[in-house]
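This report describes the fold and packing of one protein chain, going from a hairpin to the sheet, the helix across the sheet and the core.

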Amino acid sequence: MNINDVIVKPIVTEKTSNHLMFNVYTFEVNQNATRTDVKRAIELIFSKSGAKVSKVNIIKVKRKAKKMGRYEGFTKGYKKAIVTLLEGSIPIYGSEGVENNEKDKKPKKTLKIIDTDKIMKEAESER
């Protein structure tokens, strides 16, 4: 499995955002990914920020039945990885996370979006 195919996307919810204080990050991963695959991918892709993984927990989220009017179907099931870091950080919200806007007197919090494709290409070129 290619290292870039292991991590699909980060899962950003209110609960996972609260876990960021404890260096716990949540990702949607490939269905065939194992704990060691996830650990290697995180440490390789986010090597610039000094991410060292201490623990990886994997959960299979089952699909759920949904109805929309007279139509019935299922939501997508996926595999979720909960990664605990020993040191370093993963820039989900950008390099610094929340930035202050200096134009106003009151600090205004804004989110910075990162380009994960660019980070993955840089990590592969370093190898």
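## Hairpin, sheet and core

Strand β4 (residues 65–68) and strand β5 (residues 71–74) run antiparallel and are joined by 4 bridges. One of the residues involved is Lys 67, whose bridge partner in β5 is Glu 72. The hairpin that β4 and β5 form has 2 residues between the strands, and Gly 69 takes a positive phi near 70° there. The model is a predicted one, and the values below are computed from it.

The chain as a whole contains 3 helices and 8 strands. Read from the N terminus, its elements follow the pattern β-α-β-α-β-β-β-β-β-β-α. Of the 127 residues in the chain, 26% are buried. The accessible surface comes to about 9500 Å², and carbon and sulfur atoms account for 50% of that area. Contacts between residues at least 6 apart in sequence can be divided by their separation: 57% of them join residues at least 24 apart.

An open sheet is built from 4 strands in the order β1-β2-β6-β3, with antiparallel pairing. Because β1 (7–10) and β3 (52–61) each have a single partner strand, they stand at the edges, and one side of each is left without a neighbour in the sheet. From one strand to the next, the twist averages 30°. At the β3 edge, the partner is β6 (residues 78–87), which is antiparallel to β3 and joined to it by 9 bridges. Within this pairing, Lys 55 has Thr 84 in β6 as its bridge partner.

The two antiparallel pairs with listed bridge partners are set out here.

| Strand pair | Bridges | One bridge partner pair |
|---|---|---|
| β4 (residues 65–68) and β5 (residues 71–74) | 4 bridges | Lys 67 and Glu 72 |
| β3 and β6 (residues 78–87) | 9 bridges | Lys 55 and Thr 84 |

Helix α2 (residues 35–45) lies across β1, β2 (24–29), β3 and β6, and runs at about 130° to β3. Which residues of α2 are buried? They are Val 38, Ala 41, Ile 42, Leu 44 and Ile 45. The cover over these buried residues includes β1, β2, β3 and β6, together with α3 (116–126).

Val 38 illustrates the packing of α2. Apart from neighbours within four places in sequence, Val 38 is in contact with Val 6, Val 29, Ala 33, Val 56, Ile 58, Ala 81 and Val 83.

The largest nonpolar core has 22 residues. Those with the most contacts inside this core are Ile 7, Phe 27, Val 38, Ile 42, Val 83, Leu 85 and Ile 90. At least two core residues come from each of β2, α2, β3 and β6. The element that gives the most is α2, with 5 residues.

A further buried position is found in helix α1 (residues 14–19), where Thr 16 is placed. Thr 16 counts as buried because its relative accessible area is 12%, against a cut-off of under 20%. A polar atom of the Thr 16 side chain lies 3.0 Å from the backbone oxygen of Ile 11. Leaving aside neighbours within four places in sequence, the contacts of Thr 16 are with Ile 11, Val 24 and Thr 26.

Technical notes: Residues numbered from 1 in each chain as written. Predicted model: local features only at pLDDT ≥ 70, side-chain atom pairs only at ≥ 80, totals over all residues. Heavy atoms only, no water. Pairing = 2+ DSSP bridges. Axes fitted to C-alpha atoms, helices over the stretch in contact; angles between N-to-C directions. Contact = heavy atoms within 4.5 Å. Buried < 20%, exposed > 50% of the residue type's maximum accessible area, 1.4 Å probe, protein only. Areas by Shrake-Rupley, 256 points an atom, 1.4 Å probe, with all protein chains shown as cover. Polar contact = N/O pair within 3.5 Å; in protein donor to acceptor, adjacent residues only side chain to side chain. Core = buried A, V, L, I, M, F, W, Y, C linked by side-chain atoms within 4.5 Å.
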